Structures are given as C-alpha cells and as structure tokens.
Amino acid sequence: MSTHHQPDSFSGVGGKASAYLLATPATAIVALIVLVPALQLVRYSLNHFDPVELMQTALTGENYWKFFTDPYYLSVLWTTLKVSILCSVLALVFGFPVAYRLAKSQSRYKSLLIVLIVFPLLVGNVVRAAGWMVILGNAGFVNAVLLHLGFIQTPLRLMYTPLAVILGTTGVVLPYMILTLQSVLEGVDLSVEEAARNLGASAITSFFRIVLPIAVPGIAAGTMLVLILCMNAYATPVLLGGTGLVMMAPTVYDQISKANDWPFGSALAIILMIVTLGVAVVSNSFIQRKYAKTMQS
C-alpha cells in the first residue's frame with residue numbers, strides 16, 4: 001500500500017506563510033511605535049514657524065536650509081560626532097579586556113561579576129551623572145585627592161567641560177559594550193588561541209591574529225549600539241557639559257520645549273536620526289570589511 005507524501009516545497013511555503021503571520025502583530029506594533037512618530041516628525045519639519053502663531057502648516061525646506069547654513073548648528077552636529085566616536089572608541093578599549101576575561105572565566109563568581117556590570121543599567125542616567133558631578137566638582141573627590149596630595153593649589157575646573165561629558169558618557173555606555181562583546185566571545189571557541197600559544201605564538205600575536213579577528217562581529221555590534229546611544233545622549237551632556245559643550249539631543253529638546261519651534265526641532269531630530277544611522281552603517285561596514293580581509297589573509 002503506497003502512501004502519498006506532499007511535496008517538500010508545499011510544506012516550506014506553508015511554513016514561511018505561518019512565520020509571516022506570526023511576525024505580523026510584532027511588525028505592526030514596531031511600525032506604530034517607530035515609523036508613525038518618525039513620519040510625523042518628517043511632516044512637522046516641513047511646516048513653517050511663526051513666533052506668534054507658532055507652527056503653521058506648509059511644505060517648505062526652510063528648516064533644513066536654516067540648519068545647513070548656520071555655523072552654530074553645524075558645529076553642534078560636528079561636536080556630537082566627535083564626542084560620540086571618541087566615547088565609542090574608549091568604551092571598546094576599556095570594555096574589550098573585561099569582556100574577554102569574563103568570556104574565558106570559569107570562576108564561580110562569574111555571575112556576580114555580570115550582575116555588577118548590569119547593575120549600573122538599573123540606575124537612571126540622571127543619577128549616574130549626579131555621581132560624576134560629585135566626583136568631578138570643585139569640592140569633589142578628584143580635586144580633594146589632588147589638593148590633599150599637594151599636586152594642585154586650587155581646584156581644577158573639571159565640571160562643565162568636554163572631559164566631563166566624555167567621561168560620563170563613556171561610563172554610561174560601557175556596560176552595553178561589555179555585555180555585547182562578552183555574549184559574542186562566549187560563543188567562540190577560544191581553544192584556537194591556546195593552540196596558537198602551543199605552536200609558539202606570543203600572547204600579543206595570538207591576541208591580534210586569533211582573538212581580535214574572531215571578535216569582530218561582536219565589536220561591530222557593540223560599536224554600533226554604543227555609537228547610537230552616544231549620538232542621542234541627553235542627560236549626561238546637559239548635567240556634565242552645561243554650556244561648555246552642546247550636543248544635538250539637548251538642542252532638539254530646547255527647540256521643541258523651550259523655543260516651541262516644532263518645525264525646526266523636528267528637522268534637527270530627523271537630521272540627527274539620519275546622521276546616526278549613516279555613521280553606524282558606515283562604521284559597521286568598515287569593521288566588516290576589515291574582518292573579511294583578515295579572514296582571507
């Protein structure tokens with residue numbers, strides 16, 4: 001007695017259809033949460049602003065023209081880019097060794113260490129920025145130690161400087177970098193590094209020739225995530241930078257909430273979003289190309 005089996009292609013099509021149906025609700029929710037507000041911002045950015053009547057419905061590119069012809073706003077964007085790239089690099093430099101040690105660790109305290117890394121994420125950015133204010137203030141920890149040791153005679157001005165913003169922002173994004181790298185490194189067979197060491201490679205050589213190329217996907221993912229967070233940072237630049245360093249996210253907030261200029265604020269938000277995505281994609285593709293060249297060699 002012969003049995004009839006349905007073609008595999010049919011079941012494959014049915015499986016794909018079921019998968020699409022299951023993904024539809026989540027896709028619709030994401031579209032509502034992300035796409036609709038973004039389209040609303042695009043529409044607002046094309047309106048006209050009047051100091052008396054505020055936002056007037058229009059179809060004009062004057063808000064974008066204002067941004068690209070005003071040296072102040074261009075400098076704010078350039079400052080945001082520089083600070084974000086520097087903080088991302090610092091997070092990678094300081095986060096990679098920690099993630100690497102966590103991935104290799106067999107200690108029973110490993111879970112505790114991961115909890116300690118995650119713990120700062122449970123505290124708001126405002127609270128963490130306040131902690132940096134205590135450390136970097138004129139009567140803060142750093143100045144108190146330097147004065148006590150006799151290295152300085154008067155307190156250093158550390159608050160409301162680019163240095164304060166860079167330190168605070170790097171501290172905020174560092175756990176994200178560590179956790180992203182650690183999750184990738186744990187899925188990699190690091191016994192290859194031990195094999196290289198057994199064949200006579202030094203620790204530095206095995207790190208740069210074996211470990212680093214293997215970790216490139218994690219580096220790309222972590223850098224992209226951290227860069228996006230840095231570009232859109234608000235609380236840390238405001239509390240630690242003050243008027244000493246102005247970035248894009250606080251500028252967007254000021255235009256919308258303080259100046260009530262929704263059209264220009266929306267244009268700033270769209271520009272920030274496009275530049276953030278562009279820089280993230282470019283950095284990711286650059287890292288991936290380096291990874292492909294390393295694997296070919």
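Is N260 buried, partly exposed or exposed? In this predicted model, N260 counts as partly exposed, because its relative accessibility comes to 35%. The residue turns up in the loop between α12 (248–258) and α13, and its backbone is a bit unusual to look at: phi is near 60 degrees, a positive value in a residue other than glycine. Y160 makes a good companion case. Its phi is also near 60 degrees, again positive in a residue that is not glycine. Y160 sits in the loop between α6 (141–149) and α7 (162–186), and at 38% relative accessibility Y160 counts as partly exposed.

Next come the aromatic rings. The count of aromatic pairs comes to 5. In one of them, the ring centres of Y72 and Y73 are 5.1 Å apart with the planes at 75 degrees, so this pair is edge-to-face. The label follows from the angle, since planes over 60 degrees apart count as edge-to-face. The two tyrosines fall into separate accessibility classes: Y72 is partly exposed, because its relative accessibility is 43%, while Y73, at 10%, counts as buried.

Y73 also pairs with F264, and this pair too is edge-to-face, at 4.9 Å from centre to centre and with 75 degrees between the planes. Y73 belongs to helix α3 (residues 71–104) and F264 to helix α13 (residues 262–296), so the contact ties together parts of the chain that are 191 residues apart in sequence. F264 has 0% relative accessibility and therefore counts as buried. Taken together, Y72, Y73 and F264 make up one aromatic cluster. A charged side chain joins the picture at F264: K66 lies over the face of this ring, 4.2 Å from the ring centre.

Helix α13 offers another residue to look at, namely L277. With a relative accessible area of 48%, L277 is partly exposed. The C-alpha atoms of L277 and M224 are separated by 9.1 Å, although the two residues are 53 residues apart along the chain.

Salt bridges are next, and the structure holds 2 of them. One brings together the side chains of K110 and E186, with 2.3 Å from N to O. This pair links distant parts of the chain, as K110 is in helix α4 (residues 110–118) and E186 in helix α7, 76 residues apart. How covered are the two partners? K110 counts as buried, because its relative accessibility is 15% and the cut-off for buried is under 20%. E186, with a relative accessible area of 40%, is partly exposed.

The other salt bridge joins K258 and D254, whose closest N and O atoms are 3.5 Å apart. Here both partners lie in helix α12, 4 residues apart, or about one turn of the helix. That spacing fits a simple rule of thumb: an α-helix has 3.6 residues a turn, so residues three or four places apart point the same way. K258 counts as exposed, because its relative accessibility reaches 63%, whereas D254, at 32%, is partly exposed.

Two helices can be checked for length. Helix α9 (residues 203–214) has 12 residues, which at 1.5 Å a residue should span 16 Å; the end C-alpha atoms are 15 Å apart, so the two values agree. Helix α10 (residues 216–231) has 16 residues and an expected span of 22 Å, and its end C-alpha atoms are 22 Å apart, so agreement holds here as well. As for cover, the buried residues of α9 are S206, V211 and P213. In α10, the buried set includes V216, G218, I219, A220 and G222, and T223, V226, L227, C230 and M231 are buried there too.

Finally, there is a nonpolar patch on the surface. I29, V30, L32, I33, V34 and V36 form this patch, with about 580 Å² of accessible area together. One of its members, V30, is found in helix α1 (residues 8–45).

Definitions and conventions
Residues numbered from 1 in each chain as written. Predicted model: local features only at pLDDT ≥ 70, side-chain atom pairs only at ≥ 80, totals over all residues. Heavy atoms only, no water. Patch = residues over 30% accessible without salt bridge, like charges linked within 9 Å, V, L, I, M, F, W, Y side chains within 5 Å. Areas by Shrake-Rupley, 256 points an atom, 1.4 Å probe, with all protein chains shown as cover. Salt bridge = Lys/Arg side-chain N within 4 Å of Asp/Glu carboxyl O. Phe/Tyr/Trp six-rings, centres within 6.5 Å; stacked < 30°, edge-to-face > 60°. Buried < 20%, exposed > 50% of the residue type's maximum accessible area, 1.4 Å probe, protein only. Lys NZ or Arg CZ within 6 Å of the ring centre and 35° of its normal. Expected span 1.5 Å × (residues − 1).
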